[in-house]
Amino acid sequence: MTDDPTSNLRRLVYYSRNRTAATPEAMDGTIRGILDTSRVNNARVGVTGALMFNAGCFAQVLEGPSAAVEATFERIQQDERHGDVSLLAYDVVEDRLFTEWS
C-alpha cells in the first residue's frame, strides 16, 4: 500500500437535466444555495471541481479521494433538482485540474 495521497485521486464528470422550474431570479437563488452548501461540504471532504449550469442542465467535474467523490455523486443523483443524471467519465488522475474550487 502506498502513502502517496494522489494514488486515490479521482475525477468524475457528469451532466444532468435541471428539474428546478423557476423565474430567473428564483433560479439565481437556487444556484447560489447549491454553491454555498457545496463549498462547505466539498471543502470538508477534500472535493474540488467546477460546476457549469444553464436553464436546461448542469454539468460538473468532481475531483478528490474516491470515497468522497463517490459519496458526493450519490447525493447529486438523489437530489430532486437533478434529472437524468449521466456519468460521462470516472478516472484515476495524478493531479487536480480545479485546485481552487470547492
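Helices, here runs of at least four residues, and strands, runs of at least two, are DSSP assignments numbered from the N terminus. In this predicted model, the elements of the protein follow one another from the N terminus in the order β-α-β-β-α-β, which comes to two helices and four strands.

**Overall form**

The C-alpha trace of the protein spans about 50 × 25 × 20 Å along its principal axes. Because a compact globule with 102 residues would have a radius of gyration near 13 Å, the 14 Å of the protein agrees with that expectation. Of the 102 residues, 33% count as buried, and among contacts between residues at least 6 apart in sequence, 76% join residues at least 24 apart. The table gathers the values that describe the protein as a whole.

| Property of the protein | Value |
|---|---|
| Radius of gyration | 14 Å |
| Accessible surface | about 6300 Å² |
| Carbon and sulfur share of the accessible surface | 52% |
| Distance between the centres of the positive and negative side-chain sets | 4 Å |

The two sets of charged side chains in the last row consist of 10 positive and 15 negative members.

**The nonpolar cores**

The largest nonpolar core has eight residues in all, namely Leu-12, Tyr-14, Val-47, Leu-62, Ala-68, Val-69, Phe-73 and Ile-76. Strand 1, which covers residues 9-18, and helix 2, which covers residues 66-78, each supply at least two residues of this core, and the largest share, four residues, comes from helix 2. A second, separate core has six residues, among them Ile-31, Ile-34, Phe-58 and Trp-101.

**Two members of the largest core**

Leu-12, a residue of strand 1, has a relative accessibility of 3% and therefore counts as buried, since the cut-off for that class is under 20%. When residues up to four places away in sequence are not counted, Leu-12 touches Gln-60, Val-61, Leu-62, Val-69, Phe-73, Leu-87, Ala-89 and Tyr-90. One of these partners, Gln-60, is 48 residues apart from Leu-12 in sequence, while the two C-alpha atoms are 8.1 Å apart in space.

Leu-62, which also belongs to the largest core, is in contact with Arg-10, Arg-11 and Leu-12, with Val-47 and Thr-48, and with Val-69, Thr-72, Phe-73 and Ile-76, once its neighbours within four places in sequence are left aside. Among these partners of Leu-62 are Val-69 and Phe-73, and Leu-12 likewise touches Val-69 and Phe-73.

Key. Residues numbered from 1 in each chain as written. Predicted model: local features only at pLDDT ≥ 70, side-chain atom pairs only at ≥ 80, totals over all residues. Heavy atoms only, no water. Rg over C-alpha atoms; globule rule 2.2 N^0.38 Å. Buried < 20%, exposed > 50% of the residue type's maximum accessible area, 1.4 Å probe, protein only. Contact = heavy atoms within 4.5 Å. Areas by Shrake-Rupley, 256 points an atom, 1.4 Å probe, with all protein chains shown as cover. Lys, Arg positive; Asp, Glu negative; His and termini not counted. Charge placed at Lys NZ, Arg CZ, Asp CG, Glu CD. Core = buried A, V, L, I, M, F, W, Y, C linked by side-chain atoms within 4.5 Å.
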